[in-house]
Amino acid sequence: MLMTAFGGLMWLIFTAMLVLAVVALVMAAVAREDAYRAADKQNKVFWLIILGITVAVNLLVPMLFLQIAGLVATIVFFVDVRPALRQVSGGGRGRRGGSSSDGPYGPYNGGR
């Protein structure tokens with residue numbers, strides 16, 4: 001019974017790693033090439049290759065070491081590259097066309 005629960009947990013973890021890698025691959029593919037250069041990150045082809053290999057390893061090669069290496073690459077993409085791409089592309093949160101002087105409740109007018 002314990003081994004069955006452990007096997008189910010491992011299957012869930014491996015599935016989550018695969019889903020994260022696929023989502024990162026799609027996000028890397030959708031971003032513009034010039035955004036990578038503007039954010040001073042590795043180019044788009046590099047990230048597509050790394051994340052594509054990660055997806056392939058998760059699907060085809062059940063080697064834990066390679067899957068963990070792919071998970072590290074996926075986490076680096078989500079934590080470092082994606083926020084930089086969003087900042088360069090203007091896709092930041094809460095910035096729906098407002099100016100830089102907008103506060104959380106509207107434009108800041110300096111007490112006038």
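**Exercise 1. Place valine 55 in the structure and describe its surroundings.**

Solution. Step 1: Valine 55 belongs to helix 3, where helices (H or I, at least four residues) and strands (E, at least two) are DSSP runs, numbered from the N terminus. The model is a predicted one, in which local features need pLDDT of at least 70, side-chain atom pairs count only at pLDDT 80 or more, and totals for chains, interfaces and linings use all residues. Residues are numbered from 1 along each chain as its sequence is written, and side-chain values use heavy atoms, with hydrogens and water left out.

Step 2: Valine 55 has a relative accessible area of 12% and is therefore buried; buried means under 20%, exposed over 50%, and partly exposed in between (1.4 Å probe, protein chains only).

Step 3: Apart from neighbours within four places in sequence, valine 55 is in contact (heavy atoms within 4.5 Å) with Leu18, Ala21, Val22 and Leu25.

Step 4: Glycine 70 is 15 residues from valine 55 along the chain, and their C-alpha atoms are separated by 8.0 Å.

**Exercise 2. Determine whether asparagine 58 is buried or exposed, and list what it touches.**

Solution. Step 1: Asparagine 58 also has its place in helix 3, which covers residues 44-60.

Step 2: The relative accessibility of asparagine 58 is 14%, so this residue counts as buried.

Step 3: With residues up to four places away in sequence not counted, asparagine 58 touches Met17, Leu18, Ala21 and Gln67.

**Exercise 3. Describe the position of alanine 69.**

Solution. Step 1: Helix 4 contains alanine 69.

Step 2: Because its relative accessible area is 41%, alanine 69 is partly exposed.

Step 3: From alanine 69 to valine 57 there are 12 residues in sequence and 9.9 Å in space, C-alpha to C-alpha.

**Exercise 4. State how many aromatic pairs the whole structure has, and characterise the pair of phenylalanine 46 and tryptophan 47.**

Solution. Step 1: The search yields 3 aromatic pairs. Rings of Phe, Tyr and Trp (its six-membered ring) pair if their centres lie within 6.5 Å; planes under 30 degrees apart count as stacked, over 60 as edge-to-face and the rest as tilted.

Step 2: The rings of phenylalanine 46 and tryptophan 47 are 5.4 Å apart, centre to centre, with 85 degrees between the planes, an edge-to-face pair.

Step 3: Phenylalanine 46 counts as partly exposed because its relative accessibility is 33%, whereas tryptophan 47, at 7%, counts as buried.

Step 4: Ring pairs join Phe46, Trp47, Phe77 and Phe78 in a cluster.

**Exercise 5. Describe the largest pocket and its lining.**

Solution. Step 1: On a 1 Å grid over the protein atoms alone, a pocket is an open set of points where a 1.4 Å probe fits, with protein on both sides within 12 Å along at least five of seven lines; lining residues have an atom within 4 Å of a point.

Step 2: The volume of the largest pocket is about 170 Å³, a volume being the space filled by probe spheres set on the points.

Step 3: Residues lining the largest pocket include Met27, Val30, Phe77 and Arg82. Two or more lining residues come from each of helix 1 (2-30) and helix 4 (64-89), and helix 4 gives the largest share, 5 residues.

**Exercise 6. Summarise the secondary structure of the protein.**

Solution. Step 1: The protein has 4 helices and 2 strands.

Step 2: Their pattern along the sequence is α-α-α-α-β-β.

Step 3: Of the 112 residues in the protein, 21% are buried.
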